[in-house]
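Reader: I am new to this structure and would like a close look at a single part of it. Please take one sheet and the helices around it, and explain how they are put together.

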Amino acid sequence: MGLIENIKENAKKELKTIVLPESEDERVLKAAAMVLEEKTANIILIGDEDTIKNDAKSCGANIDGATIINPKSFKNIEKYIDELVELRKAKGLSREEATKIMTTEPRFFGCMMVRLADADGLVAGSNSPTADVLRAAIQVIKTAPGINTVSSAFIMETIDGKFGENGLLLFADCAVIPEPNAEQLADIACATAATAKSVVGIDPKVAMLSFSTKGSAKHPLVDKVQFAVDILAERNVDFAFDGEMQADAAIVEAIGAKKAPDSKVAGHANILVFPDLQSGNIGYKLVQRFAGAHAHGPVVQGLAKPVNDLSRGCSVEDIANLVAITATQA
């Protein structure tokens with residue numbers, strides 16, 4: 001089976017509840033129907049029940065089995081409002097403002113469902129910018145313990161299986177932080193290792209990438225990656241990591257043995273942490289196009305509970321796949 005098929009099979013073993021707040025998008029309704037048919041998650045749709053059911057009928061989506069919640073008539077809305085006021089009290093959020101947000105902003109309402117364990121995860125973004133999705137997630141759900149950085153990873157599924165874990169590699173960060181500092185790079189490495197374990201089911205081997213391998217070049221950009229490696233060592237993390245190293249030393253066994261002979265990661269890395277967003281974004285797109293690799297993601301990571309962001313150009317299948325990924329993160 002391919003990666004997505006494996007992820008869906010894992011999701012079926014212990015059904016999680018995923019919120020889809022953008023019920024006005026017919027792709028979301030069709031994806032909800034697909035998820036329910038495949039039995040990869042329980043689904044909550046946010047909005048007016050009559051409108052959602054009529055829209056689903058109009059586009060041929062069978063959403064029987066989905067839970068529909070209208071925030072304006074939700075029985076626990078006062079609890080949600082109280083929680084948001086408490087979370088944002090340092091910013092001076094009034095109860096009136098919190099009430100408006102909870103009853104008119106479905107992404108915030110959905111994230112509060114996840115925070116208060118009324119759902120296990122959320123998928124949004126088909127009908128809103130990434131910034132809106134991440135703002136709700138960061139303000140309501142917050143980051144995971146010990147992690148101060150929200151980042152992303154692409155799960156790259158290559159065809160020939162020569163590199164990584166039988167052709168599977170995770171690239172990070174390719175979508176969120178333009179210029180991470182050393183501390184943020186270490187956070188990205190830790191979060192991506194967690195994604196590798198929970199979603200892909202592989203033992204992380206993290207390469208901290210640079211244009212230098214083990215001091216072969218001197219530059220402040222190299223220093224930043226070396227500092228990140230030092231931070232990981234200080235944290236005593238429970239996964240293999242090494243750096244700084246060039247991409248070929250990270251994934252090609254013969255080159256890794258030559259450039260970093262004492263490394264347990266060189267030549268065998270399955271996670272590549274790029275030094276900045278430019279290199280990460282360019283790197284994953286080149287591999288996707290030149291090598292015909294499947295790029296699954298971006299998977300948002302570093303949050304206390306899973307929230308994932310869709311491209312506004314996503315397909316129904318993309319949404320259903322990301323629901324399964326989110327369920328395995330949970």
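Author: In this predicted model, five strands make up an open sheet with parallel pairing, and their order across the sheet is E3-E2-E1-E4-E11. The two edges are formed by strand E3 (67-69) and strand E11 (307-309), each of which pairs on one side only. On average, neighbouring strands here are turned by 25° against each other, direction ignored.

One pair of strands can be followed in detail. Strand E1 (residues 17-20) and strand E2 (residues 42-46) run parallel and are joined by 4 bridges. Thr17 has Asn42 in E2 as its bridge partner. Helix H2 (residues 26-38) packs on the sheet and touches both E1 and E2. The direction of H2 makes about 160° with that of E2.

A second helix reaches across more of the sheet's strands by name: helix H6 (residues 106-115) lies across E1, E2, E3, strand E4 (121-124) and E11. Relative to E4, H6 runs at about 160°.

H6 also leads to other helices, and helix H4 is one to look at closely. In H4 (residues 77-87), the residues Ile77, Tyr80, Ile81, Leu84 and Leu87 are buried. They lie on the same side of H4, because they cover an arc of only 125° around the axis. As background, an α-helix has 3.6 residues a turn, so residues three or four places apart point the same way. The cover over the buried residues of H4 includes helix H5 (95-104), H6 and helix H7 (130-140).

How do H4 and H6 meet? Their axes come within 11 Å and cross at roughly 90°. H4 is therefore roughly perpendicular to H6, since angles of 65 to 115 degrees count as roughly perpendicular. On the H4 side, the contact is made by Ile77, Tyr80, Glu83, Leu84 and Leu87. On the H6 side, Phe109, Met112, Met113 and Arg115 take part. Sorted by class, this contact of H4 with H6 holds 7 nonpolar and 2 charged residues, with no polar ones.

H5 meets H6 as well. The axes of H5 and H6 come within 5 Å and cross at roughly 90°. That crossing angle is why H5 is roughly perpendicular to H6. From H5, the residues Ile101, Met102 and Thr104 meet Pro106, Phe108, Phe109 and Met112 of H6. The contact of H5 with H6 divides into 6 nonpolar residues and 1 polar residue, with no charged residues. Phe109 and Met112 of H6 appear in the contact with H4 and also in the contact with H5.

There is another sheet to set beside this one. An open sheet of 6 strands has the order E8-E7-E9-E6-E5-E10, and its pairing is mixed. Its edge strands are E8 and strand E10 (294-301), each pairing on one side only. Neighbouring strands of this sheet are turned by 20° against each other on average, direction ignored. Helix H8 (residues 182-200) packs on the sheet and touches strand E5 (151-157), strand E6 (168-172), E7, strand E9 (271-273) and E10. The direction of H8 makes about 150° with that of E6.

Within this sheet, strand E7 (residues 205-209) is mostly covered, with 4 of its 5 residues buried. E7 runs parallel to strand E8 (residues 240-245), and 5 bridges join the two. Met208 stands opposite Gly243 in E8.

Note on methods: Residues are numbered from 1 along each chain as its sequence is written. This is a predicted model: local features need pLDDT of at least 70, side-chain atom pairs count only at pLDDT 80 or more; totals for chains, interfaces and linings use all residues. Side-chain values use heavy atoms; hydrogens and water are left out. Two strands pair if DSSP finds at least two bridges between them. Axes are lines fitted to C-alpha atoms, for helices over the stretch in contact, and angles run from 0 to 180 degrees between N-to-C directions. Contact means heavy atoms within 4.5 Å. Buried means under 20% relative accessible area, exposed over 50%, partly exposed in between (1.4 Å probe, protein chains only). The arc is that of the directions from the helix axis to the C-beta atoms. Angles under 35 degrees count as roughly parallel, over 145 as roughly antiparallel, 65 to 115 as roughly perpendicular and the rest as oblique. Ala, Val, Leu, Ile, Met, Phe, Trp, Tyr, Cys and Pro count as nonpolar, Asp, Glu, Lys and Arg as charged, and the others, Gly among them, as polar.
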